[in-house]
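Let's take a walk through this fold, starting with the whole chain and ending with a few single residues. Keep the viewer open as you read.

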Amino acid sequence: MALESETSYQIDPAPGEDGFLFVPGSLPVLLSAPHGAAHWRNERYKEEDEYTAGLVRLVGEITGAHVICANRRSSADPNADMDAPYKAALKEIVRQHNPRIVLDIHGCKPENGFGIALGTMKGASSPRHRPVILQILHEQGFSESHTGLAGLNVDKKYPAMGEDSREPVTRFAWEKLGLPAAQFEVNAHLRVVQRLSGASTPEPFTGDPQGILHMIATLSALVKALATV
Ligand SMILES: [Zn+2]
């Protein structure tokens, strides 16, 4: 909650500020949370993927992964717009730090019948890493045959393919940077510790404490395993 509180969901960056944060690490894995704050999509501001910024920062502290996350409202959608400044920053980070893979973390609605949806462009964006990702997720108890928060949706609901004019970070990383990439859509129950004031949705929401701890452990296990692939 302390890390997440440093994100201003609905406040624009001050003049000269980027609106996103980079925390360099010591392992060759990059964690990304482009929707950590509200962002402009389809002629309106779309709500933030709550606690994805806090989640990647905490997992970065635990594992030593590099971290980039949105920390102010964005007038572009980094997971759609080709010219989003977030993507230019990602490109520069990759050039300087040479990570082996980017894990792009998002949030999906609590009603979804799964805990995590993995998107790898149906395998194209991370051919060598995908089997390791699936192995770790299975070891952590997530499965395509489970329903509810232990459920795993693989390249069906959110495959991170995008369209011609809508370019997900995963597709950008793989096609434009040659960097293996995978997208994770995480159910709100597995990330939202407690909805903060300033959130785009005003109703109170509290996730599942054990589930959130397990998500932190799962992402940490993924980073450690993928750092050597
Ligand atoms: Zn998102």
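What follows goes from the overall build to the sheet, then the helices, then some residues worth a look.

**The whole chain**

Keep in mind that this is a predicted model. The chain has five helices and nine strands, and if you read along the sequence they come in the pattern β-β-β-β-α-β-α-β-β-α-β-α-β-α. Along its principal axes, the C-alpha trace spans about 45 × 40 × 35 Å. Does the radius of gyration agree or disagree with that of a compact globule? For 229 residues such a globule would come out near 17 Å, and the chain has 16 Å, so the two agree. As for burial, 48% of the 229 residues count as buried. Now take the contacts between residues at least 6 apart in sequence: 78% of them join residues at least 24 apart.

**The sheet**

In which order do the strands of the open sheet sit? There are seven of them, in the order 1-5-2-6-9-7-8, and the pairing is mixed. Strand 1 (20–23) and strand 8 (152–154) stand at the edges; each has a single partner strand, so one side of each is left without a neighbour in the sheet. Ignoring direction, neighbouring strands are turned by 20° against each other on average.

Strand 2 is a good place to zoom in. This strand covers residues 27–33 and pairs with strand 6 (residues 101–108) in the parallel sense, over four bridges. On its other pairing, strand 2 runs parallel to strand 5, and five bridges join them. Five of the seven residues of strand 2 are buried, so the strand is largely enclosed by the rest of the structure.

Here are some of the bridge partners, if you want to click through them:

| Residue in strand 2 | Partner | Strand of the partner |
|---|---|---|
| Leucine 30 | Valine 102 | Strand 6 |
| Leucine 31 | Leucine 103 | Strand 6 |
| Serine 32 | Isoleucine 68 | Strand 5 |

**Helices on the sheet**

Helix 1 (residues 52–63) packs on the sheet, where it touches strand 1, strand 2, strand 5 (65–70) and strand 6. The direction of helix 1 makes about 165° with that of strand 5. Helix 2 (residues 85–97) packs on the sheet too, touching strand 1, strand 2 and strand 5. For helix 2, the angle with the direction of strand 5 is about 170°.

**Two helices crossing**

Next, look at helix 3 (residues 130–139) and helix 5 (residues 209–226): their axes come within 10 Å and cross at roughly 145°. Is that crossing left-handed or right-handed? The crossing of helix 3 and helix 5 is right-handed. Helix 3 brings Val132, Ile133, Ile136 and Leu137 to the contact, while helix 5 brings Thr218, Ala221, Leu222, Ala225 and Leu226. Sorted by class, that contact has eight nonpolar residues, one polar and no charged ones.

**Threonine 52**

Back to helix 1, where threonine 52 is found. Is threonine 52 buried or exposed? Threonine 52 has 29 other C-beta atoms within 10 Å, and 20 or more is enough to call a residue buried, so buried it is. Which residues does threonine 52 contact, once its neighbours within four places in sequence are left aside? The list is Ala33, His35, Gly36, Ile105, His106, Gly107 and Arg191. Histidine 106 sits 54 residues away along the chain, yet its C-alpha atom and that of threonine 52 are separated by 6.2 Å.

**Two asparagines with positive phi**

Most residues other than glycine have a negative phi. Asparagine 42 has a positive one, about 50°, although it is not a glycine. You'll find asparagine 42 in the loop between strand 3 (39–41) and strand 4 (44–46). Asparagine 42 is exposed, with 8 other C-beta atoms within 10 Å.

Asparagine 98 also has a positive phi, near 50°. Where does asparagine 98 lie? Look in the loop between helix 2 and strand 6. Asparagine 98 has 10 C-beta neighbours inside 10 Å, and the cut-off for exposed is 12 or fewer, so asparagine 98 counts as exposed.

Terms used
Residues numbered from 1 in each chain as written. Predicted model: local features only at pLDDT ≥ 70, side-chain atom pairs only at ≥ 80, totals over all residues. Axes fitted to C-alpha atoms, helices over the stretch in contact; angles between N-to-C directions. Left-handed = near helix turned anticlockwise from the far one by under 90°. Contact = placed C-beta atoms within 7 Å. Nonpolar A, V, L, I, M, F, W, Y, C, P; charged D, E, K, R; others polar. Pairing = 2+ DSSP bridges. Rg over C-alpha atoms; globule rule 2.2 N^0.38 Å.
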